[in-house]
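Work through the exercises below with the sequence and the structure at hand. Try each task before reading its solution.

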Amino acid sequence: MRDIIVVGAGPAGSAAACHLARAGLDVLVLEKTSFPREKICGDGLTPHAVRELQTLGVDLTTPGWFPNKGIRLIGAGRTLELDWPDGHGLTRTRADFDELLARQAVSAGATLQENTKVTAPLQANGRITGVRTQNGAHEARLVIAADGASSRLSVALGLHPSRDRPIGIAGRRYYRSPRHDDPYLEAWLDLAPAGYGWVFGMGDGTCNVGVALLRTDHPDYRRLLTRWLSPLPPDWGLTEENAVGPLRGAALPMGFSRRPHHLPGLLLVGDSGGMINPSNGEGIAYALEAARIAADVITTAFSSPVPERVLQTYPSALKHANGSTFTLGRAFTRALDDPRIMRLATRHGLSHPSLMRFALKLLGGLPAPATRTATDHLAAALTRLTPAS
């Protein structure tokens, strides 16, 4: 019997496996596909994500990483550039990012099985005791569901997304572009209510370009992307003849959309638990952070005489970390469903850099610096006062 079975080798699963293997636990990671594989994502990593990668010991100086120094916001005819207050961001394609993290987990001591599809959970005496795959049964003291937005393992256990939590959608495409070495992540804010577009330079001759709709029930991201890109300057290269591959879309399960995050013998980590910020669609940083939190709880539990009681603290630890930020994000995007409020927020926000910086800090889109100003303290205080529901 293994200590831990991790279902899914995306960022959440591989990060959890890496932390746990380093702690000396016997970890098996089951991945339904094989590497390298593509995932639909903006490929942008904020300083929040970079710090989590550093805790994993990932070498961020090797080829494939492209640094950025901040975010450029565009809307209502205005442009505002905000530098990251501490550290730097990165971009890297998910086609090799996920494999890099999976191999990092293996180097830490985890066992990775690719092309292994989990077909059902194993249960006994009211708890999950392992999983069944096409190759047989695998038992473990604990299972981590890190199998993405659809999370078939969670669904098999009766855990479905909450109807009161937003499920957004994003579409992205790569283009050969002279803007590939832009030092800022670029976000266009007024394309649609509760939606935005992005242009992220990859540093390899291409840009990752896409749109995210954070609250629309039936979004047409293809039409939105076409409408946005058509009038842009041709010399940017964001045209059909410069496209690299097709336009692809993916769901964004946000704001802890699937709960509970703990069942006896099981924890949910990453997209399986809806750990995406509702205000901006950022998911990788929160997946990596949740993986670290889960690993901390698990290692404490496994050295405790009452492990299940310790594991029950995992949902509250997640809420403490991001519950208030996600609550604020849900309220923010709900308000932006009204086009009038969207226009007002964009126009006034981009006219007042200090106000926009404050809003981004409050909503988790801009990390607070190591040395905090009065504005930083106010944003942190308002976040603490917000219910972590």
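The exercises that follow deal with helix packing and strand pairing in this predicted model.

**Exercise 1.** Describe how helix H2 packs against helix H6.

Solution.
- Step 1. Find the elements: H2 covers residues 47-55 and H6 covers residues 284-302.
- Step 2. Two packed helices are described by the angle between their axes and the distance between the axes. For H2 and H6, the axes come within 8 Å and cross at roughly 35 degrees.
- Step 3. Give the hand: the crossing of H2 and H6 is left-handed.
- Step 4. List the contact residues. H2 contributes His48, Ala49, Glu52, Leu53 and Thr55, which meet Ala285, Tyr286, Leu288, Glu289 and Arg292 of H6.
- Step 5. Sort them by class: this contact has 5 nonpolar, 2 polar and 3 charged residues.

**Exercise 2.** Repeat the description for helix H1 and H6.

Solution.
- Step 1. H1 covers residues 11-22, and its axis and that of H6 come within 8 Å, crossing at roughly 35 degrees.
- Step 2. The hand of this crossing is right-handed.
- Step 3. On the H1 side the contact is made by Pro11, Ala12, Ala15, Ala16, His19 and Leu20. Their counterparts in H6 are Ala287, Leu288, Ala291, Arg292, Ala295, Ile298 and Thr299.
- Step 4. By class, the H1 contact with H6 has 10 nonpolar, 2 polar and 1 charged residues.

**Exercise 3.** Determine how strand E11 pairs with E1, with E10 and with E18.

Solution.
- Step 1. Strands of a sheet pair through backbone hydrogen bonds, either parallel or antiparallel.
- Step 2. E1 (residues 2-7) and E11 (residues 136-145) are parallel, with 5 bridges. Arg2 is opposite Ala140 of E11.
- Step 3. E10 (residues 127-133) runs antiparallel to E11, and 4 bridges join them. Val131 is opposite His138 of E11. The connection from E10 to E11 is a hairpin through 2 residues.
- Step 4. E18 (residues 266-268) runs parallel to E11, with 3 bridges between them. Here Val143 has Leu266 of E18 as its bridge partner.

**Exercise 4.** Which strands stand at the edges of the sheet, and what lies across some of its strands?

Solution.
- Step 1. Write the strand order: the open sheet of 7 strands reads E6-E5-E13-E14-E15-E12-E16, and its pairing is mixed.
- Step 2. E6 (78-83) and E16 (243-253) each have a single partner strand, so one side of each has no neighbour in the sheet. These two are the edges.
- Step 3. Take one pair inside the order: E5 (residues 70-75) and E13 (residues 184-192) are parallel over 5 bridges, with Gly70 opposite Tyr184.
- Step 4. Helix H5 (residues 221-229) lies across E12, E13, E14, E15 and E16, and runs at about 125 degrees to E15.

Key. Residues are numbered from 1 along each chain as its sequence is written. This is a predicted model: local features need pLDDT of at least 70, side-chain atom pairs count only at pLDDT 80 or more; totals for chains, interfaces and linings use all residues. Side-chain values use heavy atoms; hydrogens and water are left out. Axes are lines fitted to C-alpha atoms, for helices over the stretch in contact, and angles run from 0 to 180 degrees between N-to-C directions. A crossing is left-handed if the near helix is turned anticlockwise from the far one by less than a right angle, and right-handed if clockwise. Contact means heavy atoms within 4.5 Å. Ala, Val, Leu, Ile, Met, Phe, Trp, Tyr, Cys and Pro count as nonpolar, Asp, Glu, Lys and Arg as charged, and the others, Gly among them, as polar. Two strands pair if DSSP finds at least two bridges between them.
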